[in-house]
Amino acid sequence: MGRRGGRAAGSVAVGVALALALAACGGGSGGAKGGGGGKGGSTAPTVRLPSLKGEKLQVTAVWTGPERENFVKVLDEFEKRTGATVDFVPSGDDMAGFVGSKIAGGGPPDVAMLQQVGVLHEFAAKGWLKPLGAGARAQLAKNYAKGWRDLGAHKGTPYGVYFKASNKSLVWYNARAFDDAGVREPKSWRDFLKAARTLSESGVEPVSVGGADGWTLTDWFENVYLSQAGPEKYDQLAQHRIKWTDPTVRRALTTLGQLFGRAELLAGGNSGALQTDFPTSVTQTFSGGDAPKAAMVSSADFAAANIAQTKARVGTDAKVFPFPAVGARSPVVTGGDVAVALKDGRAAQALLAFLASTDAAKIWAQAGGFLSPNKELDRAAYADGVLREIAGALVAAGDDFRFDMSDQAPASFGGKPGQGEWKDLQDFLKRPKDVAGAQAQLEKDAAASFGR
C-alpha cells in the first residue's frame, strides 16, 4: 500500500533531525526559524476561493473534543470566505465502515478526513473518490514535498490532501515526577526501562498506556519494530511481504513484553491499561499535582491538545523526548489525516484547495495540538516552541519518513476497533508472555485482509 520502497535511510534522517530539534528546543523556548514574527507571520490570503453562497457541504472526520473544536475553526474560516455552509459529522473510529454505510445508503459526505493510507487505496479502487481538481493540485505542488503528495495518490492519480500530520515517535513526561525521582530523559530502550523502574520505586506508576484504543498499541509496536528491525523489514511487513510469524516480529514483541509484562511499570497494571482510552492516558499523566497517575506516555505530537485540558504547561510541566532507540537509532513513525472528496462539485474541491493551503494550516497551528506537513507554513504560527521545533524537523526531513504501518494496511486489519491488529495487540497486552500466540493470530488476520 503506497510507495514505501527506496527510503532505507528515511527513519534515520528524521530521527537525527528530531533529536537535534528537541535538544535545541530546551523545554519549549525555541524560537521560530521560519520567520514572520511571533504572531504567525503574514495574514494575507494565499489561496483564492470561489463564492459558494447557498451551497452546503458535509465533512466527516474521527476527531472529537479539542481536535474537533479546532478543525471546526478551520471550517468556519472556509464558510466566512466562501459563503458556503459546512456541516461537521463525526464518523467514530471506524471511518471505513461509516463511509461505506453512507455510500450504500446513497448519501455519502462531500469530504472525508481519512486516517489510513490503506483506506484511501480501497476507496479509490472502488471508485468512491473524486480526483483532485486543478486548484488543490496547484496548492499541493507549491506546499508539499513529493512524499506527502505520493501518499495521497492511487496509481498515479492524486486524490488526497494531507492536512494534519503527526509524529508518533515521542514520549511526553511529567517533569516534576522525573525530577522527584532523579530520572533523566532516556535515549535507549534499556535506559527507558531503567527509568521506569526508578519511577516505580519513587511511588509513581511509570508508563500510561491507552490500551482501550487499539491504535495506541500499534504505535508502540511500530516504534519498537522500526528501530529494531530497520526500515527495509518495516516496509516488507507493512506490505505483508514477510509474515507476522517472522523472527523480527517475535523479537519486537518480546522486547515490548519487557514493558507490557511488568504490571508495576504500567499505570493501573495491564487491566488498567486495557480500560484506559487515549485521552485519559495523556491527561492522567499531567493531572494530580504531586500524585499523578503516571509519569510518562508515549504519544504523538497531538497529545499537546489533551495536555491543554489539564493545568500542565507544555515545555515546562509537560516535556517530551524522542522514542528511545531499541536498535541503533531512535525510530520515527508518522501518521496523518488525508482529505478526500466523495462527491463531485466545486464546493468540495474548493475545500480541498483550502486545506492544502497555508491559510488553513495556520488556523489550527495557532490553536495548538497540530502538526502540518505543509512546508510553506511559517513556523511562527505554531502555538509553542515544542511543536514549532517538531514541525521544523518533520518538514526538514522532506521525503524521508516512514508512515504508520497499520494505516497502510487494509482497514479490516489495521484500522477497525475490536478486530485485526488492534484487537490482537490488546490481547497481547492482556497476555504479554504469549508471543507465539500473538504472532499466529496477527498472521491469520493479516493474511485474510491482504488476501495473501
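Helices and strands here are DSSP runs, a helix being at least four residues and a strand at least two, and they are numbered from the N terminus. With that in hand, the elements around the largest pocket can be named. The model is a predicted one. In it, α2 (65-82), β6 (160-167), α9 (214-229), α13 (278-283), β11 (333-341) and α18 (405-408) each give at least two residues to the lining of the largest pocket.

That pocket holds about 570 Å³ of space. Its lining counts 28 residues, and Val62, Glu67, Gln115, Trp215 and Phe278 are the closest to the centre. As for the chemistry of the lining, it splits into 9 nonpolar, 11 polar and 8 charged residues.

Stepping back to the whole protein, there are 21 helices and 12 strands. The radius of gyration comes out at 21 Å, close to the 22 Å that the globule rule gives for 452 residues, so the protein is as compact as a globular protein of that length. Along the principal axes, the C-alpha atoms fill a box of roughly 60 × 50 × 35 Å. Of the 452 residues, 60% are buried.

Strand β11, already met in the pocket lining, deserves a look of its own. In this strand 9 of the 9 residues are buried, so β11 is largely enclosed by the rest of the structure. The cover applies to both faces: Val333, Gly335, Asp337, Ala339 and Ala341 are buried on one side, and Thr334, Gly336, Val338 and Val340 are buried on the other.

Next come the partners of β11. Strands of a sheet pair through backbone hydrogen bonds, and the pairing can be parallel or antiparallel. Strand β6 runs antiparallel to β11, and 7 bridges join the two; within this pairing, serine 166 has glycine 335 of β11 as its bridge partner. Strand β3 (residues 111-114) is also antiparallel to β11, with 4 bridges between them, and here valine 111 is matched with alanine 341 as its bridge partner in β11. With strand β12 (residues 402-403), on the other hand, β11 pairs in the parallel sense over 2 bridges. In that case the bridge partner of threonine 334 is phenylalanine 403 in β12.

There is also an open sheet of 4 strands, in the order β8-β9-β7-β10, with mixed pairing. Its edges are β8 (207-208) and β10 (318-322), each with a single partner strand, so one side of each is left without a neighbour in the sheet. Further in, β7 (residues 170-174) and β9 (residues 296-298) pair in the antiparallel sense over 3 bridges. One of the contacts there involves tyrosine 173, whose bridge partner in β9 is methionine 296.

Among the helices, α11 (residues 247-260) has 14 residues and spans 19 Å from its first C-alpha to its last, close to the 20 Å expected at 1.5 Å a residue. The buried residues of α11 are Thr248, Val249, Ala252, Leu253, Thr255, Leu256, Gly257, Leu259 and Phe260. As background, an α-helix has 3.6 residues a turn, so residues three or four places apart point the same way.

Finally, a single residue. Leucine 120 sits in helix α4 (residues 117-125), and at 0% relative accessibility leucine 120 counts as buried. From leucine 120 to tyrosine 225, the separation is 105 residues in sequence and 24 Å in space, C-alpha to C-alpha.

Conventions
Residues numbered from 1 in each chain as written. Predicted model: local features only at pLDDT ≥ 70, side-chain atom pairs only at ≥ 80, totals over all residues. Heavy atoms only, no water. 1 Å grid on protein atoms, 1.4 Å probe; cavity = no way out; pocket = protein on both sides within 12 Å on 5 of 7 lines; lining within 4 Å. Points joined across faces, edges and corners; volume = space filled by probe spheres on them. Nonpolar A, V, L, I, M, F, W, Y, C, P; charged D, E, K, R; others polar. Pairing = 2+ DSSP bridges. Expected span 1.5 Å × (residues − 1). Buried < 20%, exposed > 50% of the residue type's maximum accessible area, 1.4 Å probe, protein only. Rg over C-alpha atoms; globule rule 2.2 N^0.38 Å.
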